[in-house]
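Work through the exercises below with the sequence and the model open. Each task is followed by a solution in steps.

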Amino acid sequence: MRALSGTQPSGKLHIGNYFGAIRQYVQLQQEHEGFYFIANYHALTTIRSAEEMRQQTLELAADYLALGLDPDRATLFLQSDVPEVTELAWVLSTVTPMGLLERCHAYKDKIAQGLPADHGLFAYPTLMAADILIYDSNLVPVGQDQKQHVEVTRDIGERFNSTYGQTLVIPEAYILKDTATVVGVDGQKMSKSYDNTICIFDPEKQVRKRIMSIVTDSTPLEDPKDPDNCSVYALCCLFADEAQKQEMAERYRAGGMGYGDAKKELFGCFMEYFGEARKRREQLAEDMGYVVDVLKQGAARARAVAQQTMERVRQACGVNIG
Ligand code: ADP
Ligand code: TRP
């Protein structure tokens, strides 16, 4: 089985990205072949500064490595280092109905807000389908918000296969129920677009401040509280096993525990869980040459696979005459 996923270099990694997707990348690399890339072509739809693009791309690669992606087990690379992917995106776009893209949420939401959308945003799911299909991926670890895009990928892949014969491997989304949607400090889905994130590699002080700012209700300290309606509890659960979850839920229901105490516990759990990764991240910042090397080696491995798939695709649709 081959697992594949990508993340845009569009900002600092937060715990929604980690629990929703990156933790699964790290777990899957133990048993499956893993292809993980930085979706810089996708990020062109939002980042318009070359400097910002370069810097955030390298930082994201270092973040992946610090969080445990092992370049000896998994292939880490830049989307743009495999130009065949844009070639496949074109071919796929010729079997993609307009209606399918019109229903995709990134584009639909923008239009609903009355904002202008460019062709890149409209065609974004076709490029994502190419990312996935070009590596014969079987599993795509992502958070719930990307499920629709993986379904579109399956649809496009099946349309290609039914038009030209069995050529592309049809993948499946790999989404874990408990971490499909991580909540942000304001109670909405955690997302950099909502400025409600807790970032994994922010300075300790900033992390503490962010955690202390999580919105809670005004139940007085001594009163019983409902764990199932509390973002602090939901976030603590990410770090806890079943017994710890139950124990905390009981303390909520018993009353006498303030949200401030729960937030301090959450901060402690965060620091303990990410402590090692944060140290490794600091070390990597001193050796970005290593990060660049990992990306180059990853690109060579990824490109070799992509070229084979493109040969099959060209053959299937008759654009090669040799
Ligand atoms: P953001 O919403 O902050 O811009 P991205 O869209 O770049 O995040 O997402 C990168 C990966 O992290 C995707 O696989 C996405 O599904 C996952 N992800 C993002 N936010 C969350 C969340 N709040 N809960 C679970 N997974 C998430
Ligand atoms: N659309 C994804 C996001 O915004 C990033 C992405 C691009 C991706 N290509 C992919 C994810 C292929 C999984 C597989 O998070």
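**Exercise 1: backbone angles in two loops**

Aspartate 136 is placed in the loop between α7 and β4 (139–141), where helices (H or I, at least four residues) and strands (E, at least two) are DSSP runs numbered from the N terminus. The model is a predicted one, in which local features need pLDDT of at least 70, side-chain atom pairs count only at pLDDT 80 or more, and totals for chains, interfaces and linings use all residues. Residues are numbered from 1 along each chain as its sequence is written, chains are lettered from A and ligands numbered from 1 in the order in which they are written, and side-chain values use heavy atoms, with hydrogens and water left out.

Task: state what phi aspartate 136 has, and do the same for aspartate 195.

Solution.
- Step 1. Start from the general rule: most residues other than glycine have a negative phi.
- Step 2. Aspartate 136 is not a glycine, yet its phi is positive, about 50°.
- Step 3. Aspartate 195 is found in the loop between β5 (172–174) and α9 (204–212). Its phi is also positive at about 50°, although this residue is not a glycine either.

**Exercise 2: the surroundings of ligand 2**

Task: find which residues come nearest to ligand 2 and which elements each supply at least two residues of its shell.

Solution.
- Step 1. Count as near any residue with a heavy atom within 4 Å of the ligand. There are 14 residues around ligand 2, and Gln8, Tyr124, Met128, Asp131 and Gln146 come nearest.
- Step 2. Assign elements. β1 (2–7) and α7 (119–133) each give at least two shell residues, and α7 has the largest share, four residues.
- Step 3. Sort by class. The shell holds eight nonpolar, five polar and one charged residues; here Ala, Val, Leu, Ile, Met, Phe, Trp, Tyr, Cys and Pro count as nonpolar, Asp, Glu, Lys and Arg as charged, and the others, Gly among them, as polar.
- Step 4. Look at N and O atoms. The side chain of tyrosine 124 has an N or O atom 2.6 Å from a nitrogen atom of ligand 2. For glutamine 146, a polar side-chain atom is 3.0 Å from a nitrogen atom of the ligand, while one of glutamine 8 is 3.2 Å from an oxygen atom of ligand 2.
- Step 5. Check the cover. On its own, ligand 2 has 370 Å² of accessible area (Shrake-Rupley method, 1.4 Å probe), and the protein covers 90% of that.

**Exercise 3: the surroundings of ligand 1**

Task: determine which helix gives the most to the shell around ligand 1 and how the shell residues divide by class.

Solution.
- Step 1. Of the 18 residues around ligand 1, His14, Gly143, Asp145, Val182 and Lys192 are nearest.
- Step 2. Helix α1 (residues 15–28) gives the most, four residues.
- Step 3. The shell divides into five nonpolar, ten polar and three charged residues.
- Step 4. Oxygen atoms of ligand 1 lie 2.7 Å from a side-chain N or O atom of histidine 14, 2.9 Å from one of serine 191 and 3.1 Å from a polar side-chain atom of lysine 189.
- Step 5. The protein covers 92% of the 540 Å² of accessible area that ligand 1 has on its own.

**Exercise 4: a salt bridge**

Task: name the residue whose side chain meets that of arginine 2 in a salt bridge.

Solution.
- Step 1. Apply the criterion: a side-chain nitrogen of Lys or Arg within 4 Å of a carboxyl oxygen of Asp or Glu. The whole structure gives 19 salt bridges.
- Step 2. The partner of arginine 2 is glutamate 33, at 3.1 Å from N to O.
- Step 3. Arginine 2 is in strand β1 and glutamate 33 in strand β2 (residues 33–38); the two are 31 residues apart, and the pair links distant parts of the chain.

How values were computed. Polar contact = N/O pair within 3.5 Å; in protein donor to acceptor, adjacent residues only side chain to side chain.
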